[in-house]
Amino acid sequence: MKVLVINGPNLNMLGIREPDIYGAQNFASLESFIKSSAAELGVDVTLFQSNHEGEIVDVIQSAYGVFDGIVINPAAYTHTSVAILDALKAVGIPTAEVHLSDINSREEFRRFSYISLAAKTTICGLGFEGYRKALEFLCENI
Ligand code: CA2
């Protein structure tokens, strides 16, 4: 099974600030964790990170016919992006949404996710482990 993992804006800055919310490990550690989790599950994983909404739309469109599943942490675009929602709906690829923090127990503006309207599951508040759970979910549901 081929899975595209997309990380959105500022996640490349992990570990630099707000370790109480996002943990102390950096983005390279997150990418290593995702790769080793995928290898354990026998998933062929491709990683992509961008700070730009249009690039995320482009990579979702280019996943059509190529990937069996998508894991996405859209970061701040979670709460604003109809464009990413529409791209996920357009390709129809089974998608698992992940958040490091528990977006439901933070500021009010983080409680709504456009992406959850297209995602088959939303996993939040588990830190890095959420990405492994998302990969497991796709393995069990595709
Ligand atoms: O909890 C998550 O994974 C989020 O998607 C992370 C986003 C946030 O906007 C979402 O509401 C929830 C933030 C991404 C990274 O932000 C940083 C902030 C400070 C230092 C490093 C990264």
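These questions and replies go through a predicted model of a protein with its ligand.

Me: What makes the protein's size agree with a compact globule?
Reply: Take its 142 residues. A compact globule of that length would have a radius of gyration near 14 Å. The protein has 14 Å, so the two agree. Along its principal axes, the C-alpha trace spans about 40 × 35 × 25 Å.

Me: Which elements does the protein contain, and how do they run?
Reply: There are five helices and five strands. From the N terminus on, the order is β-α-α-β-α-β-α-β-β-α.

Me: Why does the pair between Asn-73 and the ligand count as a polar contact?
Reply: A polar contact needs N or O atoms within 3.5 Å. A polar side-chain atom of Asn-73 lies 2.8 Å from an oxygen atom of the ligand. That is within the cut-off, so the pair counts.

Me: What makes Leu-100 a polar partner of the ligand, given that Leu counts as nonpolar?
Reply: Its backbone does. A polar backbone atom of Leu-100 is 2.7 Å from an oxygen atom of the ligand. The cut-off is 3.5 Å, so this is a polar contact.

Me: What about Arg-110?
Reply: Here the side chain takes part. An N or O atom in it is 2.8 Å from an oxygen atom of the ligand.

Me: How do you know whether the ligand is buried or exposed?
Reply: Taken alone, the ligand exposes 510 Å². The protein buries 92% of that.

Me: Where does the ligand sit, and what surrounds it?
Reply: The ligand sits in the largest pocket. The shell around it has eight nonpolar, five polar and three charged residues. Of the 16 residues around the ligand, Asn-73, His-79, Leu-100, Ser-101 and Arg-110 come nearest.

Notes: Residues numbered from 1 in each chain as written. Predicted model: local features only at pLDDT ≥ 70, side-chain atom pairs only at ≥ 80, totals over all residues. Heavy atoms only, no water. Near = heavy atom within 4 Å. Polar contact = N/O pair within 3.5 Å; in protein donor to acceptor, adjacent residues only side chain to side chain. Areas by Shrake-Rupley, 256 points an atom, 1.4 Å probe, with all protein chains shown as cover. 1 Å grid on protein atoms, 1.4 Å probe; cavity = no way out; pocket = protein on both sides within 12 Å on 5 of 7 lines; lining within 4 Å. Sits in = over half its atoms within 2 Å of the grid points. Nonpolar A, V, L, I, M, F, W, Y, C, P; charged D, E, K, R; others polar. Helix = DSSP H or I, 4+ residues; strand = E, 2+ residues; numbered from the N terminus. Rg over C-alpha atoms; globule rule 2.2 N^0.38 Å.
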